[in-house]
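Colleague: Could you take me slowly through one part of this model, the aromatic rings that pair with one another, and tell me where they sit?

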Amino acid sequence: MSTTNSPSKPSILRMLITGSHILHQHGILDAYGHLSVRHPDNKDTFLMPRNMAPALISSPSDIVEYYVDDACPVDSASPTGYVERFIHSEIYKRYPDIQSVVHSHSAAILPFTITDIELRPCVHMAGFLVPKFDISRFYADHDTRDLLIRNQRLGQHLSARFSAGAEKPYHPIVLMRGHGFTVAGGKIEETVFRAIYTAENARVQAAAHTLQLAADVASSKENESDELYYLHDDELLSTTQMGQWSVMRPWELWVRETEVNPLYLNNA
């Protein structure tokens, strides 16, 4: 049930639409990808846009309510939804503390999903380690092998990769081979923040690798690159917490940027 500190459904709908616009403006979502949020008044359902480009979502009629248990729409007359809503439902089912999920195909992230180079935290906004998920290990004979999380079983296997063991409840980010990444968090602002700065971290890391390689070539070195200066293990927790307490500063800027952009309409 809702509390005095939880957002109302109308406000969460507006935030869900705005969050989708922000993610599009920052290149995290394009015509594909999606943002969802657990229903503020019912932990057993979640809210997610219908099957449309995130930048074009504009009203409550574009939002569908789904059951967490099986990703079926609460209203059978709801418009067609995203095929990969099982990403969201299975994460919500496994982790009660998670309130919002983003799935993205960001080009900044994709190279790290198809190489052996790990995406590691190297900037102050990205204090977390990132596991990988390879769907090919979990296909059944009858599955369509198109990398999409099309059913509960595949969603369950993906959600399991978010498990961080007994020390903390979940990893906030999982890379998906050849497909992109999924982000989870305690609220919409947090997942949007994490998605944007994870992509930024990937761009910084890729640029640093390129500079290091260029330096090696210039000095005639071969396979002698010094390791990049990633965040130290004892910096991960504090940098993660810093992002959590400062998230509203970029969020308020991003909201204003979408409000003045005529592409984005929000009538919720």
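Modeller: Two rings of Phe, Tyr or Trp are taken as a pair if their centres lie within 6.5 Å, and a pair counts as tilted when the angle between the planes is neither under 30 degrees nor over 60. Please keep in mind that this is a predicted model. With that rule, ring pairs join Phe46, Tyr66 and Tyr92 into a cluster, and a search of the whole structure gives six aromatic pairs. In one of them, the ring centres of phenylalanine 46 and tyrosine 92 are 5.3 Å apart and the planes meet at 45 degrees, so this pair is tilted. The two partners come from distant parts of the chain, since phenylalanine 46 belongs to strand β2 (residues 45–49) and tyrosine 92 to helix α2 (residues 85–94), 46 residues apart. Phenylalanine 46 has 0% relative accessibility and therefore counts as buried, while tyrosine 92, with a relative accessible area of 1%, is buried as well.

Another pair, phenylalanine 193 with tyrosine 197, is also tilted, with 4.9 Å from centre to centre and 50 degrees between the planes. Here both residues lie in helix α5, and because they are four residues apart, about one helical turn separates them. In general, an α-helix has 3.6 residues a turn, so residues three or four places apart point the same way. Phenylalanine 193 and tyrosine 197 are both buried. The helix that holds them, α5, also gives the most to the largest nonpolar core, supplying eight residues.

Conventions: Residues numbered from 1 in each chain as written. Predicted model: local features only at pLDDT ≥ 70, side-chain atom pairs only at ≥ 80, totals over all residues. Heavy atoms only, no water. Helix = DSSP H or I, 4+ residues; strand = E, 2+ residues; numbered from the N terminus. Buried < 20%, exposed > 50% of the residue type's maximum accessible area, 1.4 Å probe, protein only.
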